[in-house]
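Biologist: I have a structure open and would like to work through it step by step. Shall we take turns with questions and answers?

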Amino acid sequence: MRQRPFIRKVIYLLLMAVLLAPLSLLSQPTTQRAGGDVGSPGGKLSQLRDQYELSQANLGEIDPAAETIRLASLGMRGVAGMILWQKVHKYQVASDWSNLDATLKQLALVQSNYIGVWQFQAWNVSFNVSVEWDDYHDRFYYVLKGAAFLEEGTRHNDKAVRLINDIAWVAGNKIGTADERVQYRKLFKERWYFDDLFKKGSRFLRDRTLDERDNWLVGKEIYLESQQIVDDDPLRLGKFNPLVFHAKPVLCQINFAAALEEDGVFEERARIAWQKADNEWSAFALRQNPGVAGELLRIADFELYAKSKQAADDALVALEPGLRETILAEKLAGLSTKERQARDSAAAARTDEEKRLAGNAEEKLRVTNDEIVARLPADKRAKGTELAQESKKFESWHNTTRGDIDSINYNYWKVRCKAESTPAALEARRLIYEANEAFVNDADLVTARQKFEQGFKEWRKVLNEFPDLITDSITGANMETQIQHYENVLKQMEEAMPKNFILQDIIDKHRDPSKYFIEGPEKPNRK
Amino acid sequence: MDVESKTQTFGEWFLPGTNSSGGMVPGALLEFSIWIAIVALLSLLISFIVATVKHGPARGGDMVYKFIVSALGDLIFFSPKRALALAWLAMQEAIRRKVVAVFVTFIIILLFAAWFLDSTNRNPAKLYMEFVLTATTYLVLLLGLFLSAVSLPQDIQNRTIYTIVTKPVRPTELVIGRTLGFVGIGTVLLALIGLTSYVFVIRALDHTHEVTEKDLAPIKEKEGVPAEKLATNKRHGQTNSVRGHHHEVVIDADGRGKTDTQSNHWHEINLVERAGRQQYEVGPPLGQFNARVPIYGRLRFKDRFGNESIKGTNVGDEAQDRGYIEGRTLSAAIWSFKNLSEEQFPKDLHLELSIMVFRTHKGQIDKGIATSLLLRNPVTKVASADRIFLAKEFTLEKHAIPRKLRDASGKSLDLFKDLVHEGALDIEIRCLDAAQFLGMKQTDLFLQAREASFPLNFVKGYVGIWLQMVLIIAFGVMWSTFLNGAVAMLATFSTLVGGFFVQHITELAQGKVLGGGTAESTMRMLTQQNITSDLPPGLSTTAVKLFDMVMQIPLTLISHLLPDFGQLSDVEQLARGFDINLLDQLARHSFYTLAYVAPVLFAAFVFFKLREVAR
C-alpha cells in the first residue's frame, strides 16, 4: 500500500519525460556554425519562425527587451498593443512628440514581428509628424526618424523586403521629391543627423564619399539590396509588381542625374550619370519578368516577339501557297454591296455610316490562322496547327511586353536618358540654369535673355535628334516652364515673344490655355 | 488638470468666486463642507432607520444617541501616545510582511529601465522623470493598498486583535494608530525610492561629448555681420553624436566655449591638459533639470479687424486648445499680467514662449514665420518698439527684455516707469507674414522671475505621491474595518481605479461621453456601430438610454465621493520643468487629501466601533 504513492509519482515523472520529448523536438532552436552557416534548421517551431521571417529563429538574436515586454504583458499583448496605438494617436493630437517617440518604441517591442506596424508608424513619422514642424531642419529630422524606425524593423524582421523598400523610398523619393528637396538634399550630405538617429551598422552610416552621399544614390543602393533578396528567393517579392519593383533602382539613378542638374552640376559628372542611367535602363530591359502564364519575358525582346510571330504566320501561309488568297477572295465575295462600296471609297471622304461599314468589311476580310489551318490538307494540318499556336504565343508575349513597356513608361525613359546625355542637352540645361541664376540672383535681364535663347537653340538640336520628346508630356511640361520663365524676362524688358519662336511646337503642343499663367522661376539652388 | 486650474491660486480654488466666463463657483471649502454634511446626515438617518427597524423607534433612537455620546468620548479622550504605540506596532508588522520587497522591485525596474527608455529622445529629462514618478506612484499605491486593507481583517481572523482591544485602547486610537503606522512605513519607503529615483535620473542622463581640433573651423561668415567685424579668433564646429544628438560649439581664443541647446541641455567646454597634450573637455549636461517659476498672464485675442475676442481663429487643429492669429492683419494675441514688481525683475524681464505655426501657403520654405512682440502699458497705451524674431515651435524660447527700451519712434522708455502700470502689463504678439497663422494658448507665454531649486521641486513632486498614498491607506483602513481581507482589498482597489478615472465617471454621470453610457456602449459594441452614429429608434434603444439615464444618479454620487488621484499628481509639471507652487498647489493638495482622509477615518472609526470586537 505504501508503495502506491511512490509508483504514482514515478508514473507522473515518466509521463512528464515522455511529454517533454516532443516538446523539445518541436522547439529545438536553429544553431549557427562559426562561419555564420546554419548548423541545424532546428525544430518545427524554429522552422516556422524561419518561414514567417521572424528573425528570432536563431539563438543569440533574441531581443531581450521585446521578449520581456511580451512576457510581462502576460498574454495580453493584443490589449497592450491596442492601448499603445491609442496612446500614439493621443500624443500625436496633443503634439507631444517626446512621448510619441517613446510610445512608438514600446509599440515596436510589443508588436515587433508585424511588418504593418513598422510600415504604418514609420510612414506616420516621416510624412505626418514631420510636417507638423515649421523649421525644415526639424522636418528633415522626422523624415529620417521614420527611416530609422523602418531600419529598426529590419533588425527584428531581416529580409523583410517591404521594409527595406520603404527605407529606400524615404531616402530616395521622400527626400528627393519633397518641396524642400533642395534643403533636404543638402542636409543629406551632413553626417550629423545620421549619427544622431541611426544605430551602428546602419545602411546610412556606411563609408561614402561626399558625392556618394546623395539621397538618390543611397536610395538606389538600398533598392538594390532588396532586389538581391528577391533574386535569391523570388517568393519574397510578395505582392509587389515585379516590373515596378525592379525598375526602382534604375529610376533612382535617373532621378540622381536629373537632381544633379537641378543642383547646378553639369558637364562630365552629369553626362556620366545620364550615361549610367541609360546603360542600367538597357540592362533592366534584359531582366526576365513573369508573363501571364508564368513564362519569363524580356522587354528587350519586344521586337523579337513581333518578328517571331510574323515568321510563324509566314511559314503557315507558305505551307499551302495561294490558300490565304483563296479565303480572302471568298470573303471579299461575301461582302454586301454597301460594304464593298464603302470599302472602295476614299477613306477621307467617308460618311459616318460608310466608316462603320468599311470597318465591318475589314473585320470580315481578316483571315485568321485558324481559318487557314482548317482549310489545310490533312497531311499539313498538324504542322499548321503547331505554327498557328506558335504565332499565338508570340503575339501574346508581344502584347504582354507592350503592356510592361507602357506601364513603366520604358520608351520615354530610354529616349530621355539618351537625349540628356548628349552634349547639346547638357549645354541646354547649363544655359537655362545660368539664365535663371542671372534673372533671380543678379536681376541681369540681358544675360538671362541671352542664355535662355542660347539654351533653347540647344534644346532644338536635342528635339530634332529625338523627335519623340516633342510629344512627351513630361518633357513638354518641363520645357514649357522654362519658356514661361523666358517670357517673364521678356515681359520685364517690355518685349513680346519673338515670332517664329524656336520652340513654338512645344508651346502649341503643351500649353494649356486654361492653366496658363506666368510666374517667376523658382530660386535655383546654388552649387 | 487643465490650464485654467494650473494657473489658479489657492484662494481662487478654496473660496467662492467667479470663473473666467463670469459664472459663480462655490469654491472647494464650501463644496467639501456640503458633501461631508450630506454624507454625515445620511449616515445618521440610515443608522436611526436600521436601529428603529430592529428595536423600535424609542430604543433605536436611544441607541443612536448613546453611540454618538460614546463616539464623542472616544474622540475627546483620544490619546496620541497610545496611537503612536499602535503606529509603531503597525510599522513592525509591515516590516515583518517584508514591505522592503517593494523597494527591491523598484530597484529591479530601474536596472532594466534602460531597455525600454529611449535615451535618444529629444526631451529625455521629461521622459525619464515621468517614468520614475509614474512607476513610483503605482508601486507605492499598491503597497498602501496591500498593507492597509489586509492587516486589520487578518488580526481579527487570527484573533490577535483581542490582545489589543482587551487593553484600554479606544477604537479611534486603533484606527489612527494603524493609519499612522502604515503611512510611516510608506513614507520611509517612498523617501528611499525618491532618493534612488533622483540619483537614477541624474546619472542616467549624465553624458558628455567629444570635440577635437579637427572638428573646429574658424568662423568666417555670419548672416548680417560683415567679415571684417567678426572675431576671427573664434572657432566653431560640432561635437560627436551621443544619445541621439550632437551640439554646435563655439570656442574662444582661450579654448573656452559652450555648446548650443539640444535635447533641452547644453555643455561647457574647456581646454585642459592631459598627459602633456591639450584637449577639449566637454562638461556635464547643464540646464536639463529646471524648476521654472512662471508668472502667467490672461490671454485674449484680437481678430483680423482688431476686435477683441476670447478665442483666436480656428485653423482646424484637432487638439483645439490654441487660438490662432492671422499674419499682417490687426489680429493679435495679448497677455495681460498683474502684480509685477521691480523687485521680481531687477535686471531684465525674462520671458519664455512657444508658438505654433500654421501656414496656408508654402511661403519661403527655408525661413521661419516672422513674429513681433511688444510691451504695452494697459492704461496709457504707451508701447515699446516691435521685437522681431522667427517663431519656433514645440520649444520654450527665452527672451530677456531689457529695462531700458525704445518706442517705435526711437524715444527711450523705462520698463517699469513707462510700461508697467500699477503692476499691470500687456504683452502683444503679432504675425508679420501675410496669410500665415500663429497659434497660442494661455500657458504658451509666461514671465520667469526666478528659477526654483530642482531637488526641492523633485521632493514636492514626491509629496503629491505621498498624499495619494495617505489617501489610499485611509481608504484601505476604512474598508478593512468591516470587510474581510480579500473583499477589503478589492474595495480599496476599486476606489483606486475609480479614483484614477473620476473625470471619466463624471463625464459618464453627466452623459457627456461620446457613444453613451455603459448599456448604450455595450449595445454599440455588440451591434458593431461606431460611437458617433445615431442608434436606430426602437424599444431597445429607448431601453438602453433609459437605463443609462437611471445609472447617472449613482454615478453622480460616486463621482462626488471618489477622490480624484489625478488632482494630487504633479508628475507632468515636474517633468516639464516647472516649479510646483507650495501654496497654490501643495496646500491645495493637502487640503484635498485632508478633506477625504478625515471623514474616511471617522467612518472607519464608526464602522470599527460598531463591530463586536471593538466593544
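Modeller: Start with one helix, and keep in mind that this is a predicted model. In H20(A), the buried residues are Tyr410(A), Tyr412(A), Trp413(A), Lys414(A), Val415(A), Arg416(A), Cys417(A), Ala419(A) and Glu420(A).

Biologist: How many of the eleven residues of H20(A) are buried, and what does that say about the helix?

Modeller: Helix H20 of chain A covers residues 410-420. Its buried residues include Tyr410(A) and Glu420(A). H20(A) is largely enclosed by the rest of the structure, because the buried count is nine of the eleven residues.

Biologist: Is Arg416(A) buried or exposed?

Modeller: Arg416(A) sits in helix H20 of chain A. The cut-off for buried is under 20% relative accessible area. Arg416(A) has 11%, so this residue is buried.

Biologist: Which residues does Arg416(A) touch, leaving out those up to four places away in sequence?

Modeller: Sequence neighbours are set aside here, up to four places away. For contrast, take Lys145(A), 271 residues apart from Arg416(A) along the chain: their C-alpha atoms are separated by 34 Å. The residues that Arg416(A) does touch are Ala258(A), Trp274(A) and Arg429(A).

Biologist: Which residues are linked with Arg416(A) in a network of salt bridges?

Modeller: Side chains of opposite charge can pair when their charged atoms come close. Arg429(A) is one of the residues that Arg416(A) touches, and Arg429(A) also belongs to the network. The residues linked with Arg416(A) are Glu261(A), Glu420(A) and Arg429(A).

Biologist: Where do the two partners of the salt bridge between Lys276(A) and Glu280(A) lie?

Modeller: The side chains of Lys276(A) and Glu280(A) meet at 4.0 Å, N to O. Lys276(A) counts as partly exposed, because its relative accessibility is 42%. The two residues are four apart, about one turn of the helix, and both lie in helix H13 (residues 267-284) of chain A.

Biologist: Glu221(A) and Arg208(A) also meet in a salt bridge. Which of the two is buried and which is partly exposed?

Modeller: Their closest approach is 3.0 Å, N to O. The pair links distant parts of the chain: Glu221(A) is in helix H11 (residues 215-232) of chain A, and Arg208(A) is in the loop between H10 and H11 of chain A. With 31% relative accessibility, Glu221(A) counts as partly exposed. With 13%, the buried one is Arg208(A).

Biologist: Now chain B. How many residues apart are Asp74(B) and Arg170(B)?

Modeller: Asp74(B) and Arg170(B) form a salt bridge, with the closest N and O atoms 2.8 Å apart. Asp74(B) is in helix H4 (residues 57-76) of chain B, while Arg170(B) is in the loop between helix H8 (161-165) and helix H9 (171-205) of chain B. Asp74(B) is buried at 5% relative accessible area, and Arg170(B) is partly exposed at 26%. In sequence they are 96 residues apart.

Biologist: What share of the 615 residues in chain B is buried?

Modeller: Chain B has 17 helices and 23 strands. Its C-alpha trace spans about 100 × 70 × 55 Å along the principal axes. Its accessible surface comes to about 32000 Å². The buried share of its residues is 45%.

Biologist: How much area do chain A and chain B bury between them?

Modeller: The size of an interface is often given as the accessible area lost when the parts come together. Here 30 residues of chain A are in contact with 31 residues of chain B. Carbon and sulfur atoms account for 50% of the buried area, and the total is about 2700 Å².

Biologist: Which residues in chain A lose the most area to chain B?

Modeller: Together they make up 26% of what that side buries. One of them, Asp134(A), also forms a salt bridge with Arg359(B), with the closest N and O atoms 2.7 Å apart. The residues are Asp134(A), Trp192(A) and Asp196(A).

Biologist: How many salt bridges and how many residue pairs in polar contact are there between chain A and chain B?

Modeller: The structure holds 71 salt bridges over all chains. Between chain A and chain B the count is five salt bridges. For residue pairs in polar contact, the count is 13.

Biologist: Which helix gives the most to the side of chain A that touches chain B?

Modeller: Helices that each supply at least two residues include H3 (64-72), H4 (77-93) and H5 (97-110) of chain A. By class, that side has twelve nonpolar, six polar and twelve charged residues. With seven residues, the helix that gives the most is H5(A).

Key
Residues numbered from 1 in each chain as written. Chains lettered and ligands numbered in written order. Predicted model: local features only at pLDDT ≥ 70, side-chain atom pairs only at ≥ 80, totals over all residues. Heavy atoms only, no water. Contact = heavy atoms within 4.5 Å. Buried area = accessible area lost by both parts, 1.4 Å probe. Polar contact = N/O pair within 3.5 Å; in protein donor to acceptor, adjacent residues only side chain to side chain. Nonpolar A, V, L, I, M, F, W, Y, C, P; charged D, E, K, R; others polar. Buried < 20%, exposed > 50% of the residue type's maximum accessible area, 1.4 Å probe, protein only. Areas by Shrake-Rupley, 256 points an atom, 1.4 Å probe, with all protein chains shown as cover.
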